[in-house]
Amino acid sequence: MIKKTPAIIQLPKILDDRGNLTFIEGNKHIPFEIHRTYWIYDVPGGEIRGGHAYKELHEFIVAISGSFDVELHDGNEKTVFSLNRSYMGLYVPNMVWRQLQNFSTNSLCMILASEDYLASDYIRDFKTFIKLCHGN
Ligand code: TYD
């Protein structure tokens, strides 16, 4: 599965009277091998996380609990995805500017990443990102 555009991906959902269950396997449900998992939580009202792009890293973002918005910019236009279900998530390929905002109280944002943490993979300046998108 090769995907290069952001997309909401539905995950398997095993319904059970004892409680539902969802799972993810790298390279099967999402288009990359999972290398690292981290989560963002205890976000104070109104705070914004992210605000950067990755040169190489791909990621999959899930609202495990609560809700938040992921604002994406592909170099040409902005798109906002609202995440509020634990059985679906947003695939974000490399070279997409992304910002996470409008976190609900007690929301839990889980991010699966295709690479180890590498500061040099970050593009933190939006103007630089736009230039790189347009090949200069
Ligand atoms: P960062 O990805 O910059 O978050 P945000 O874009 O929301 O500010 O991460 C914040 C800090 O956490 C950064 O200084 C590096 C550290 N960090 C790690 O050490 N390992 C990780 O896997 C991640 C995601 C962050």
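**Close-up 1. The residues around the ligand in this predicted model.** Eight names are worth finding here: Arg36, Tyr38, Arg49, Gly50, His52, Tyr117, Tyr122 and Arg124 surround the ligand. Sort that shell by character and you get three nonpolar, two polar and three charged residues. The tyrosines go in the nonpolar group because Tyr is counted as nonpolar here, while Gly is counted as polar.

**Close-up 2. Arginine side chains at the ligand's oxygen atoms.** Start with Arg36: an N or O atom of its side chain sits 2.4 Å from a ligand oxygen. For Arg124, the equivalent side-chain distance to an oxygen atom of the ligand is 2.6 Å. Arg49 joins in too, with a polar side-chain atom 2.8 Å from a ligand oxygen. How much of the ligand does the protein cover? On its own, the ligand has 520 Å² of accessible area, and the protein covers 59% of that.

**Close-up 3. The strands that supply the shell around the ligand.** Two elements give two or more residues each: strand 4, which runs over 36-40, and strand 5. Which of the elements gives the most? That's strand 5, with three residues in the shell. Strand 5 itself spans residues 49-54.

**Close-up 4. Strand 5 and its partner strand 12.** These two strands run antiparallel and are joined by two bridges. To follow the pairing, look for Ala53, whose bridge partner in strand 12 is Ile123. Next, find Tyr54, which stands opposite Tyr122 of strand 12. Tyr122 is worth a second look, as it is also one of the residues around the ligand.

**Close-up 5. Strand 5 and its other partner, strand 10.** Strand 10 covers residues 97-101 and pairs with strand 5 in the antiparallel sense, this time over three bridges. Here His52 faces Arg98 of strand 10. His52 also turns up among the residues around the ligand.

**Close-up 6. The whole five-stranded sheet.** Zoom out a little and the strands line up in the order 8-7-10-5-12, making an open sheet with antiparallel pairing. Which strands sit at the edges? They are strand 8 (78-83) and strand 12 (122-123), and each of them pairs on one side only. As a reminder of what holds such an arrangement together, strands of a sheet pair through backbone hydrogen bonds.

Methods
Residues are numbered from 1 along each chain as its sequence is written. This is a predicted model: local features need pLDDT of at least 70, side-chain atom pairs count only at pLDDT 80 or more; totals for chains, interfaces and linings use all residues. Side-chain values use heavy atoms; hydrogens and water are left out. Two strands pair if DSSP finds at least two bridges between them. Helices (H or I, at least four residues) and strands (E, at least two) are DSSP runs, numbered from the N terminus. A residue is near a molecule or strand if one of its heavy atoms lies within 4 Å of it. A polar contact is a pair of N or O atoms within 3.5 Å; within protein, one must be able to donate a hydrogen and the other to accept it, and residues adjacent in sequence count only if both atoms are side-chain atoms. Accessible areas come from the Shrake-Rupley method with a 1.4 Å probe; for residues, only the protein chains shown count as cover.
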